[in-house]
Amino acid sequence: MKILILGSGGREYSIARAILNEKEAHELFFMPGNGATSSLGTNLNIKDYNELAEFAKSNDIELTIVGPEGPLVEGVVNIFKSHGLTIFGPSKEAARLEGSKVYMKNFLAKYNIPTARYIETSSIEDAFKFADKLTTPIVVKADGLCGGKGVIIAQTHDEAKIAISEMLSGKSFGDAGLSVIVEEFLDGYELSMFAVCDGDDYILLPAAQDHKRLLDNDQGPNTGGMGAYAPTPLVDYELYQKVRERIIRPTLDGMKKEGAPFEGVLFIGIMVVKGEPITLEFNVRFGDPECEILMPLMTSSVSDMFYKAATNRLGEIKVEFSKEFAVGVVMASADYPYKNSTPAEIIVDDVHHEEIEKYTHISYAGVSMIDGKLYADGGRVLVCVGIGSTIKEARDRAYMRCGQVHFAGKKLRTDIAYQAL
């Protein structure tokens, strides 16, 4: 197939890498891609979605896969479908599950899907009153898209009130914070689950855990994610069944009732409290870096899964995964997540070790190609992925690969997958 992938991060690189590892010869295009995706296919610079759809039609693109949330919330799927094209991802209407935390929380309440107690409001007075009723810590969320940074876990009531004030004034997140969610903090352990959906049917992928904090031992500010591993031993058959029955099925049924059938990836952020799964949030695309560790574990065709989901035919296929584990360690630039860093040349040592060659790889994200050399120019630069028969083996291999990568100011956590180990 000719396949177009929208996005520029490690998530999109890892999807492309998995597709290129299939038996069939696929031709890939990226919009916009990054400095490393140009070695996997053709990078495009067509920002207008109607123009991009015209390009897809005239170049016989048979499948488009949307990576990030931005284009989905802006309605790229609606535009491509209006041109008669096959595209994987939710419609603009269905993407509100991520585009508006207020919409998402109200949807959960309407369809009796387990979630934390909350208030959604634009009134600072109401938000303060509700916060005063909660015990600390208190969770404060901006309504709109904030690049994974719009959630504050306040340790005191005063901290919560400062977060509420700065969001509602527009100081923290601009228009994205002009309505807020204030909710109770749930004490348990967090999981990422991903259901690939076609509007009616779904396939639940192995559960993953990611590491949001910048520093070891979950210290420092929240980031987009500093590493992840899958599958996690913290999930058993019973917990998967609870997620299927209490969260995924009522969500797909509810979205049909809302007139916005959900097609694409439903990313469920779950807190497990005393063995019960509670919904923290929905996203409408693969997590990053979770995607980088799930893709190499798939043994069945990745492109076929996306194509069947996009054409409402998931029931025709069986998606299969290896029995191995994957661990991904993010390497970030010097000033992440505070500000942009000065571009730094990336040097990757030649691999002479058979174990590293066979069981590890790099998924590139915030990189550019200048005069044939790769430079770190984004916040999260790349992910070193290790595969193994145990989580420890996969983690050791991922860190072996990290030792082969060098750039000025590189930053990484040394404890990824510690919860499982």
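This report covers a pocket, a cavity, a cysteine pair and a helix in a predicted model.

## The second largest pocket

The second largest pocket has a volume of about 510 Å³. Its lining counts 24 residues. Closest to the pocket centre are Asn-21, Met-295, Pro-296, Met-298 and Thr-299. Three elements give two or more residues to this lining: helix α1 (10-20), helix α12 (354-359) and strand β21 (360-364).

The chemistry of the lining is mixed. Eight of the lining residues are nonpolar, nine are polar and seven are charged.

## The cavity

How many cavities of 30 Å³ or more are there? The count comes to one. The largest cavity has a volume of about 70 Å³. It is lined by 15 residues. Val-66, Phe-88, Val-265, Arg-285 and Phe-286 are the closest to the cavity centre.

Helix α1 supplies at least two residues of the cavity lining, and so do strands β4 (63-66) and β16 (263-273). Helix α1 also gives two or more residues to the lining of the second largest pocket. By class, the cavity lining holds ten nonpolar, three polar and two charged residues.

## Cysteines without a bond

The whole structure has zero disulfides. Why do Cys-384 and Cys-402 not form one? The sulfur of Cys-384 has its closest cysteine sulfur in Cys-402, at 3.9 Å. A disulfide requires the two sulfur atoms to be within 2.5 Å. The separation is therefore too far for a bond. Seen from Cys-402, the closest cysteine sulfur is that of Cys-384, again at 3.9 Å.

Are these two cysteines buried or exposed? Cys-384 is buried, with a relative accessible area of 0%. Cys-402 is buried as well, at 3%.

## Helix α6

Helix α6 spans residues 101-110 and is mostly covered. Seven of its ten residues are buried. Which ones are they? The buried set consists of Lys-101, Val-102, Tyr-103, Met-104, Lys-105, Phe-107 and Leu-108. Two lysines, Lys-101 and Lys-105, thus appear in the buried set of α6.

An α-helix has 3.6 residues a turn, so residues three or four places apart point the same way. After α6 comes Asn-112. The phi of Asn-112 is positive, near 55°.

Key:
Residues numbered from 1 in each chain as written. Predicted model: local features only at pLDDT ≥ 70, side-chain atom pairs only at ≥ 80, totals over all residues. Heavy atoms only, no water. 1 Å grid on protein atoms, 1.4 Å probe; cavity = no way out; pocket = protein on both sides within 12 Å on 5 of 7 lines; lining within 4 Å. Points joined across faces, edges and corners; volume = space filled by probe spheres on them. Helix = DSSP H or I, 4+ residues; strand = E, 2+ residues; numbered from the N terminus. Nonpolar A, V, L, I, M, F, W, Y, C, P; charged D, E, K, R; others polar. Buried < 20%, exposed > 50% of the residue type's maximum accessible area, 1.4 Å probe, protein only.
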